[in-house]
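Here is a set of questions about how structural labels are earned. Each answer sets a value against a rule.

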Amino acid sequence: MLRESFKVLLKETFDGPGGNGSWYTESKPGSGIFGTIEKVSAEEASILVQGTTIAAHIDHTRYYLWVANTCMKGDKPELDWSESWKISSVDESTWSRFKVELQNEYTTLLENINSLTTLDEQTSNGILGALAHSAYHLGAIRQMTKTVKVPSQT
């Protein structure tokens, strides 16, 4: 049961709320990370907002998920948390790659959760940490898009 709750909340964080409403995001489609960045261009993802960029937030979130996935396999990776924050601008190719890599790490996390035979405290804390961390960055990215997106002319 707890495993399913983890997946429901992770899916809301990344894919947006399902058809039965929302647990914490807006109830409308596109409220997750992927929907939020879908229409953000590389140029917009590279605009500095309060000292960082949407691109850096996306790569940092991907890195966190990679760490969580690596640890769930029992490995202890060498960590350099500051590396993703050095990203200041991306071109369209790099921006596309960042989004694909984030999707891959997210999918891997869901697969790792599905394959768990037990759910100990360490693993539960790791999954909850990935959820909380990603939800924080979702909120930051959604606020940043208000600054970098030019309102459409109607």
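Q: What places R62 and D59 about one turn of the helix apart?
A: Both residues lie in helix α4, and they are 3 residues apart. A helix here is a DSSP run of H or I with at least four residues, numbered from the N terminus. The model is predicted: local features need pLDDT of at least 70, side-chain atom pairs count only at pLDDT 80 or more, and totals for chains, interfaces and linings use all residues. Residues are numbered from 1 along each chain as its sequence is written, and side-chain values use heavy atoms, with hydrogens and water left out.

Q: Why is the pair R62 and D59 called a salt bridge?
A: The rule asks for a side-chain nitrogen of Lys or Arg within 4 Å of a carboxyl oxygen of Asp or Glu. The closest N and O atoms of R62 and D59 are 2.9 Å apart. That is within 4 Å, so the pair is a salt bridge.

Q: Why is R62 called buried?
A: Buried means under 20% relative accessible area, exposed means over 50%, and partly exposed is in between (1.4 Å probe, protein chains only). R62 has 16%, so R62 counts as buried.

Q: Why does D59 get its label, buried or exposed?
A: D59 has 8% relative accessibility, so D59 is buried.

Q: What does R62 touch beyond its sequence neighbours?
A: Contact means heavy atoms within 4.5 Å. Leaving aside neighbours within four places in sequence, R62 is in contact with E101, L102 and E105.

Q: How do you know that E101 and R97 form a salt bridge?
A: Their side chains meet at 3.3 Å, N to O. The limit is met, so the label holds.

Q: Why are E101 and R97 said to be separated by about one helical turn?
A: Because they are 4 residues apart in helix α5.

Q: What makes E101 and R97 partly exposed?
A: E101 has 25% relative accessibility, so E101 is partly exposed. R97 has a relative accessible area of 41%, so R97 is partly exposed too. Salt bridges that share partners join D59, R62, R97 and E101 into one network.

Q: How many salt bridges does the rule give?
A: The count comes to 7. Another example is R142 with E26, at 2.2 Å, N to O. This pair links distant parts of the chain. R142 is in helix α6, E26 is in the loop between α1 and α2, and they are 116 residues apart.

Q: Why do R142 and E26 count as partly exposed?
A: R142 has 22% relative accessibility, so R142 falls in the middle class. E26 has 39%, so E26 does as well.

Q: What is found around S22?
A: S22 lies in the loop between α1 and α2. Not counting residues up to four places away in sequence, S22 touches E12, P17 and S27.

Q: Why is the S22 and E12 pair called a polar contact?
A: A polar contact is a pair of N or O atoms within 3.5 Å; within protein, one must be able to donate a hydrogen and the other to accept it, and residues adjacent in sequence count only if both atoms are side-chain atoms. The side chains of S22 and E12 make such a contact at 2.6 Å. The side chain of S22 also reaches the backbone nitrogen of Y24 at 3.1 Å.

Q: Why is S22 called partly exposed?
A: Its relative accessible area is 26%, so S22 sits between the two limits.

Q: What makes Y24 partly exposed?
A: Y24 has 39% relative accessibility, so Y24 earns that label. Y24 lies in the loop between α1 (2-15) and α2 (33-37). V8, W23 and Y24 form a nonpolar patch on the surface, with about 370 Å² of accessible area together.

Q: Why is Q122 called exposed?
A: Q122 has a relative accessible area of 65%, so Q122 passes the limit for exposed. Q122 is found in helix α6.

Q: Which residues touch the most other members of the largest nonpolar core?
A: A nonpolar core is a set of buried Ala, Val, Leu, Ile, Met, Phe, Trp, Tyr and Cys residues joined through side-chain atoms within 4.5 Å. Of the 33 residues in this core, L10, F14, I54, I58, V90 and W95 touch the most other members. α1, α2, α3 (42-45), α4 (54-72), α5 (92-115) and α6 (121-148) each supply at least two residues.

How values were computed: Patch = residues over 30% accessible without salt bridge, like charges linked within 9 Å, V, L, I, M, F, W, Y side chains within 5 Å. Areas by Shrake-Rupley, 256 points an atom, 1.4 Å probe, with all protein chains shown as cover.
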